[in-house]
Amino acid sequence: MTQWLHMSHMLPFLPDQTINNLYPPTTFPIEVRHFLAEWIESQRWEDFTLENVEQESQARVLFDQAISTLQTIAQQNSSVVDRMKLMQISKKLAVCHQPLEFAVMVKNILRNENAMINMQAQTPNIQHCTPPEVSSPSMQDVDHLVLKVLDIQNTRQTMHQLQEELNWEKHNCEAFQGPHQHNGLDKTMAEIQKVQSKIQQLDFNLNSMAKKRFQLLKECVDCLDQCQSRFISRLKLWRWEQHKATIGHPFDDNLNPLQTWCEQLLGVNGKLRQELMLIGEPIPELQERLRQLLQVLIQSSLVVEKQPPQVIKTQSKFSTTVRYLLGEKIAPGKPVVLKAQIINESQARNQGSIPGDTVGELLNNTAILEHNTASKNTCATFRNMSIKKIKRADRKGTESVTEEKFALFFSTEITITGCDTPYRIQMISLPLVVIVHGSQDNNALATIIWDCAFCEPDRVPFVVPEYVPWRMMYSTLNSKFTSEVQTKHHLDKCNQHFLAQKIFDKPDYNGDFSNMMVSWAQFNKEVLPGRMFTFWQWFEGAMELTKKHLKTYWSEKLIFGFIGKQHLHLILKDKPNGTFLLRFSDSEIGGITIAYVSTTDNGGLKIQNIQPFAKRDLEIRSLGDRIRDISEITHLYPNRPKHDVFQKFYTEPQASPIGGYIPVSLHTKVGTEAASTSHLSPSTVCPSPSMAEVCPSPSMAGVCPSPSMAGVCPSPSMTVVSENSSSALGYPLNQFPQQQCDQPEAIPPDIMDVVASPEGFLPELSTGNNMDLDIESLLQVNTWREADIYASDM
């Protein structure tokens, strides 16, 4: 009775209406669930369906056991009130239920309970969560609808029996009124009147049943209409949740319950159409309604189960899967071929017709709907689709190519068993952005994030607001960050406030930003003041760095994260020398820096920020090892010894190499300590060729020809690694960005992104086809500078 224990803790927080919906007082009072909890949860209910009449005997056994067990519990109960109540309930259950109906009802109740428990686990504040299946009954409605159809069928059979009996009595009456020698007996007038009276009664009963049958048919069609509307709403909700999953919202991609629901609706529609045909006299109104419901159901059951990437580069392969929920009902014979086309925003708004003008050329854009008998799914999988070329619309004002949205349009013609007319079905994918170069990826992703986060349900494709409240913006950033990093540690209030200060350019504002409106331009169109990048580019850089190199540090709350320098000074000003915290760089994309308290020359305290470590730095030496190297930092804020906190991140020293070589290692130095390193030794500076740090050629591993050349890797076969201010030398090695051996990828002229070198670093040197650098010329034209370190006196 584990499930009931969970439910008993939740019940005090649920509205009375929700409890009554879950445990209907007239058919399954909550007392039955309470006193039979252990017995109910020990039985198997999942297999029962109203359509399977063969389960009637099995359901009868369980139904009788339930009544018997409830009566036994009632007799053993010491409370007179409970005893009388339970006996009354057991008698009522015995006369109100058919066994199979009872079994299906218990199955639905257990399923609804499980849905509530799962939702409560995702949303601890149970007052605000009501499971979909309780607030808007779905499968339970279908079961109720099936019962109504059975009632119509029973009524028809009863009418058939009455009609046969009426025909027989009429035949007898005619015989009575014929020649007496027909049967050799004289019939009295009383007997004839008796037969005529019976005929009148049968005729009256038949007319009454016909009216009842018509009323039941009308009620069933109304109920089917309502139930199908709920199904389509739930299917739209599934698509909506799939859309929101892009920004990290939870999403259950299981379509099997919806497929079962859809198939049951189709079955009910077919049975009702048969019943209308058996009436004999046409009922145009009901027949037309059923025809329209059938068409809507067939055309609404095409679903993009696996969406294509929402940022697609031309000439690159991608895949997508489309599923048809009524696949088992497709008429056998000709295979169903699904075709994909790429459409623009204006074409997406006119989905009533197949797009005429093509805006792009798709390769491998057809697939067959294939039925999998094991999974009972019918899917068309496009495995190697590719956008060969794209035709863009005229851009408005400053609109970039990465702001233009497209979609994939899937269509085919299908015939369902039992339906003579073929139907045209179609569906579009979520909006996507087409790029032609990798440098556009970041801005294209920003367009998708804004679309997924702030679009309205049932919108006109693909309209989004230009402004949104900051609280919605922050919720989106938080969801995206936690889902990408795959962590349970969310951005806190300090992070939220600094992000707001950043995007609104209000570093001194300490009020509430929640209702301030953020524009798309502030998010990813306008560069941040004094920077060469947008807010999204900066935020995404920190998110990617955390995802690839800092996930554990962040999850264990060792990284403070997004914090402004004013707040930084406020919390560190009273801390002792050596106290430090980890924060994301405010001035560089994808960097993490160490802010720490140090002493001034006159014995005072100041706060310093070590030049940020970027992705390449952490690939060379982990953050934990760098923290161990830096002697100036001793305690993580507020007062945690660094070795206690970061020891598990330290890398163990490697064993001595075989062959008599002298072992080498990298160490992080900062400030004057790094600048004072005037002579080089193989054990501290020049690693082996495999580490590709400072040696000009593999043959010179461990030997630097000149202190002035240390840190330079002239050969393109050597990886130039950035140690920044933390280098053992006195200057950042990433003044010289890594040269690529391959020919650079050509950037098409329609790319709108601006690529700039970070402030304070030299731009990449052009070497043409000759990838070997002239070291002496390099040293002459570039100015060496010591490690950047930002210091401010307190």
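Begin by selecting helices H10 (residues 189-244) and H12 (residues 284-300): H10 passes H12 in a left-handed crossing. This is a predicted model. The two helices pack at an angle of about 20°, their axes lying 11 Å apart. Angles under 35 degrees count as roughly parallel, and H10 and H12 are therefore roughly parallel to each other.

Next, display the side chains where these two helices meet. On the H10 side, select Phe214, Leu217, Lys218, Val221, Asp222, Leu224, Asp225, Gln228, Phe231, Ile232, Leu235 and Arg239. Their counterparts in H12 are Leu286, Arg289, Leu290, Leu293, Val296, Leu297 and Ser300. Coloured by class, the contact of H10 with H12 shows twelve nonpolar, two polar and five charged residues.

Keep H12 in view and add helix H11 (residues 256-279). The axes of H11 and H12 come within 10 Å and cross at roughly 155°. Angles over 145 degrees count as roughly antiparallel, and H11 and H12 are therefore roughly antiparallel to each other. The crossing of H11 and H12 is left-handed.

The residues to select in H11 are Cys262, Leu265, Leu266, Asn269, Leu272, Arg273 and Leu276. In H12, the residues that meet them are Leu286, Gln287, Leu290, Leu293, Leu294 and Leu297. This contact of H11 with H12 comprises ten nonpolar, two polar and one charged residue. An α-helix has 3.6 residues a turn, so residues three or four places apart point the same way.

Remain with H11 and examine its two ends. At 1.5 Å a residue, the 24 residues of H11 should span 34 Å, and its end C-alpha atoms are 35 Å apart, which agrees. Step beyond the helix to glycine 280, which follows H11 and has a positive phi, near 100°.

The tour now turns to a sheet. Select strands S6 (366-368) and S10 (423-428), strand S4 (residues 337-344) and strand S9 (406-414). These four strands form an open sheet in the order S6-S4-S9-S10, with antiparallel pairing. S6 and S10 stand at the edges with a single partner strand each, so one side of each is left without a neighbour in the sheet. From one strand to the next, the twist averages 25°.

Within this sheet, look at the pairing of S4 with S6, which is antiparallel and runs over three bridges. To see one bridge, select leucine 338, whose partner in S6 is alanine 367. Then bring H12 back into the view: H12 packs on the sheet, touching S9 and S10. The direction of H12 makes about 45° with that of S10.

The last stops are in loops. Go to the loop between helix H14 (441-454) and strand S12 (467-469), which holds phenylalanine 462. The peptide bond from proline 461 to phenylalanine 462 is cis, with omega near -20°.

Move on to aspartate 505, in the loop between helix H16 (493-504) and strand S13 (517-519). The phi of aspartate 505 is near 55°, a positive value in a residue other than glycine.

Finally, select proline 638 in the loop between strand S17 (635-636) and strand S18 (640-641). A cis peptide bond joins tyrosine 637 and proline 638, with omega about 5°.

Terms used. Residues are numbered from 1 along each chain as its sequence is written. This is a predicted model: local features need pLDDT of at least 70, side-chain atom pairs count only at pLDDT 80 or more; totals for chains, interfaces and linings use all residues. Side-chain values use heavy atoms; hydrogens and water are left out. Axes are lines fitted to C-alpha atoms, for helices over the stretch in contact, and angles run from 0 to 180 degrees between N-to-C directions. Angles under 35 degrees count as roughly parallel, over 145 as roughly antiparallel, 65 to 115 as roughly perpendicular and the rest as oblique. A crossing is left-handed if the near helix is turned anticlockwise from the far one by less than a right angle, and right-handed if clockwise. Contact means heavy atoms within 4.5 Å. Ala, Val, Leu, Ile, Met, Phe, Trp, Tyr, Cys and Pro count as nonpolar, Asp, Glu, Lys and Arg as charged, and the others, Gly among them, as polar. The expected span of a helix is 1.5 Å times one less than its number of residues. Two strands pair if DSSP finds at least two bridges between them.
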